[in-house]
Every structure is written in structure tokens, then in C-alpha cells.
Amino acid sequence: VTNPMDVVKTRLQVVRASPAVFQYDGVFHCAASVVRAEGIKALFDGTIARCCLLTPRTAMALAMKDALQAHVFGGQRPPGT
């Protein structure tokens, strides 16, 4: 879902480091230029790699949250949930 924003963010970071690589005036200009020059699929480049990174990380975070919650609250639901 957030991959198009990451592609635009990365391109804008490259512009700051090396302006000769890309010529973008801002977020919307960057997104429109990418779609115009490379197609809509370019905004989703790297999605599989991002999912491979985030899926285990999110699973570990949820497992740790559940383990800590069980340890702190002794297996009972915390107040307010």
C-alpha cells in the first residue's frame, strides 16, 4: 500500500544527493513523471522485497507484544480491551 510513496521518497532523496540523475520539482511532479515515463507499475517496483522484509518483522513484533502482554497481565486481558 505504501510502496508508491516509498518509490517517490527514494527518488526525491536521490535528487537531493545527485540532481543530474532525476529532475523533479516535488512529490506530485515526481509521481506524475514516473507514471508518464515508466508506467504505473514503476511505482510498485520492489513490492515483493518490501513484503519479504515487513512480513517477518511484523510477525515477530506481534508475537513479542502477545508474549509481553501475557507476562505483564498474567494471561488476563489488559484493562480497556
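Tyrosine 24 is buried in this predicted model, its relative accessible area being 14%, and 14% falls under the 20% cut-off for burial. Tyrosine 24 also belongs to the largest nonpolar core, which has eight residues in all, and its ring is paired with that of phenylalanine 22. The points below cover the aromatic pair, the core, a nonpolar surface patch, the salt bridges and the surroundings of asparagine 3.

**Aromatic pair**

- The count of aromatic pairs comes to one.
- The ring centres of phenylalanine 22 and tyrosine 24 are 5.5 Å apart and the ring planes lie at 20°, so the pair is stacked; the angle meets the criterion for stacking because planes under 30 degrees apart count as stacked.
- Phenylalanine 22 is partly exposed at a relative accessible area of 22%, whereas tyrosine 24 is buried at 14%.

**Nonpolar core**

- The largest nonpolar core consists of Val7, Val8, Val15, Tyr24, Cys30, Val34, Ala42 and Leu43.
- Two elements, helix H1 (3-17) and helix H2 (27-38), give two or more residues to this core.
- Helix H1 gives the most to the core, with three residues.
- In soluble globular proteins, nonpolar side chains tend to be buried together.
- Leucine 43 touches Asn3, Pro4, Val7, Val8, Val34 and Val35, when residues up to four places away in sequence are not counted.
- Among these contacts of leucine 43 are Val7, Val8 and Val34, which are themselves listed in the core.

**Nonpolar surface patch**

- Val35, Ile40 and Phe44 make a nonpolar surface patch of about 260 Å².
- Valine 35 is found in helix H2 and is partly exposed, with a relative accessible area of 31%.
- Valine 35 is thus listed in the patch and is also touched by the core residue leucine 43.

**Salt bridges**

- The whole structure holds three salt bridges.
- Aspartate 6 and arginine 50 form a salt bridge in which the closest N and O atoms are 2.7 Å apart.
- Because aspartate 6 lies in helix H1 and arginine 50 in helix H3 (residues 47-73), this pair ties together parts that are 44 residues apart in sequence.
- Arginine 50 counts as partly exposed, at 28% relative accessibility.
- Arginine 11 and glutamate 38 meet through their side chains in a salt bridge of 2.9 Å, N to O.
- This pair links distant parts of the chain, with arginine 11 in helix H1 and glutamate 38 in helix H2, 27 residues apart.
- Arginine 11 is buried at a relative accessible area of 13%, while glutamate 38 is partly exposed at 44%.
- Aspartate 66 and lysine 65 form a salt bridge of 3.1 Å, N to O.
- Aspartate 66 counts as partly exposed at 43% relative accessibility, and lysine 65 counts as partly exposed at 43%.

**Surroundings of asparagine 3**

- Asparagine 3 has its place in helix H1 and is buried, with a relative accessible area of 7%.
- Apart from neighbours within four places in sequence, asparagine 3 is in contact with Leu43, Phe44, Asp45, Gly46, Thr47 and Arg50.
- These contacts of asparagine 3 include the core residue Leu43, the patch residue Phe44 and Arg50, the salt-bridge partner of aspartate 6.

Methods: Residues are numbered from 1 along each chain as its sequence is written. This is a predicted model: local features need pLDDT of at least 70, side-chain atom pairs count only at pLDDT 80 or more; totals for chains, interfaces and linings use all residues. Side-chain values use heavy atoms; hydrogens and water are left out. A nonpolar core is a set of buried Ala, Val, Leu, Ile, Met, Phe, Trp, Tyr and Cys residues joined through side-chain atoms within 4.5 Å. Buried means under 20% relative accessible area, exposed over 50%, partly exposed in between (1.4 Å probe, protein chains only). Helices (H or I, at least four residues) and strands (E, at least two) are DSSP runs, numbered from the N terminus. Contact means heavy atoms within 4.5 Å. Rings of Phe, Tyr and Trp (its six-membered ring) pair if their centres lie within 6.5 Å; planes under 30 degrees apart count as stacked, over 60 as edge-to-face and the rest as tilted. Patches are made of residues with over 30% relative accessible area and no salt bridge: like charges are joined within 9 Å, nonpolar side chains (Val, Leu, Ile, Met, Phe, Trp, Tyr) within 5 Å. Accessible areas come from the Shrake-Rupley method with a 1.4 Å probe; for residues, only the protein chains shown count as cover. A salt bridge is a side-chain nitrogen of Lys or Arg within 4 Å of a carboxyl oxygen of Asp or Glu.
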